[in-house]
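Trainee: I've never looked at this one before. Could you walk me through it, one question at a time?

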Amino acid sequence: MYAHLKQKTEHIQHADLFDQYPYIEGDDLVIHKMSDCDADALAHMCSEDEVYTYVPAFLFEKKYEDKHEVIAKMDEECFDTKDSILMGVYLKESGEFTGIAEFYAYEPEHRKVSVGLRLMKEYWGKGIAKKLKK
């Protein structure tokens, strides 16, 4: 089911997930580290109550009001601590931000990681999650 993720990260060759931010590219989507230019889109997504109805309230992107600060502190508070990796999900053709993919609960001895996805409401029902699992 997630064979494409393994194929796209083959170049890392047994590296730890937290050695570097992954870059995952599919036919229609790209997942990579967010930058400061994503702050407005992230703020828009975080303001959509329906996006966060069924997820825990402690999610990192909700921790700070200023989304520029959220993006700036992702390395220090998530990646560097090996707690989780939060990356943007983008349409490949336009580069448009659609949401966040979070990699967490990493178990290197089992080569296992959990993946969560939060999408902006306007991308619901557009097959984004289905495209990610292909």
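Mentor: Sure, and keep in mind that this is a predicted model. Let's begin with two rings: both tyrosine 21 and phenylalanine 79 are buried.

Trainee: How are the rings of tyrosine 21 and phenylalanine 79 arranged as an aromatic pair: stacked or edge-to-face?

Mentor: Look at the angle between the planes, where anything under 30 degrees counts as stacked. For tyrosine 21 and phenylalanine 79 that angle is 10°, with 4.3 Å centre to centre. So the pair is stacked.

Trainee: And how many residues apart in sequence are the parts that this pair ties together?

Mentor: Tyrosine 21 sits in the loop between α1 (3-8) and β1 (24-25). Phenylalanine 79 belongs to helix α3 (residues 67-79), so the parts tied together are separated in sequence by 58 residues.

Trainee: What about tyrosine 90 and phenylalanine 97, are they buried or exposed?

Mentor: The cut-off for buried is under 20% relative accessible area. Tyrosine 90 comes in at 4%, and phenylalanine 97 at 6%. Their rings form an edge-to-face pair, 5.8 Å centre to centre with 70° between the planes. Because of those low percentages, tyrosine 90 and phenylalanine 97 both count as buried.

Trainee: Which residues do ring pairs link into a cluster?

Mentor: The model has five aromatic pairs by the ring-centre rule. Tyr21 and Phe79, the stacked pair, belong to the cluster. The full cluster is Phe18, Tyr21, Phe79 and Tyr106.

Trainee: Is there a charge over a ring somewhere, and which ring does the charged end of lysine 62 sit over?

Mentor: The distance to check is from the charged end of lysine 62 to the ring centre, and it is 4.4 Å. The ring in question belongs to tyrosine 52.

Trainee: On to the sheet. Which are its edge strands?

Mentor: Five strands make an open sheet in the order β1-β2-β3-β4-β5, with antiparallel pairing. An edge strand pairs on one side only, and that leaves β1 and β5.

Trainee: How many bridges join β4 to β5?

Mentor: On one side, β4 (residues 97-107) pairs with β3 (residues 84-91) over seven bridges, and isoleucine 85 has phenylalanine 103 as its bridge partner. On the other side comes β5 (residues 112-119), also antiparallel, with glutamate 107 standing opposite lysine 112. The number of bridges joining β4 to β5 is seven.

Trainee: Which residue takes a positive phi in the hairpin of β3 and β4?

Mentor: Five residues lie between the strands of that hairpin, and one of them has a phi near 75°. In the hairpin of β4 and β5, with four residues between the strands, arginine 111 has a positive phi near 50°. For β3 and β4, the residue is glycine 95.

Trainee: At about what angle to β4 does helix α2 run?

Mentor: Helix α2 covers residues 39-46 and lies across β4 and β5. Its angle to β4 is about 80°.

Trainee: Last one: which residue's side chain makes a polar contact with the side chain of glutamate 102?

Mentor: Glutamate 102 is found in strand β4, and it is buried, with a relative accessible area of 13%. Beyond its sequence neighbours, its contacts include Leu59, Ile85 and Arg118. The polar contact spans 3.4 Å, and the partner is serine 84.

Conventions
Residues are numbered from 1 along each chain as its sequence is written. Side-chain values use heavy atoms; hydrogens and water are left out. Rings of Phe, Tyr and Trp (its six-membered ring) pair if their centres lie within 6.5 Å; planes under 30 degrees apart count as stacked, over 60 as edge-to-face and the rest as tilted. Helices (H or I, at least four residues) and strands (E, at least two) are DSSP runs, numbered from the N terminus. Buried means under 20% relative accessible area, exposed over 50%, partly exposed in between (1.4 Å probe, protein chains only). A charge sits over a ring if NZ of Lys or CZ of Arg is within 6 Å of the ring centre and within 35 degrees of the ring normal. Two strands pair if DSSP finds at least two bridges between them. Contact means heavy atoms within 4.5 Å. Axes are lines fitted to C-alpha atoms, for helices over the stretch in contact, and angles run from 0 to 180 degrees between N-to-C directions. A polar contact is a pair of N or O atoms within 3.5 Å; within protein, one must be able to donate a hydrogen and the other to accept it, and residues adjacent in sequence count only if both atoms are side-chain atoms. Lists of a residue's contacts leave out its neighbours within four places in sequence.
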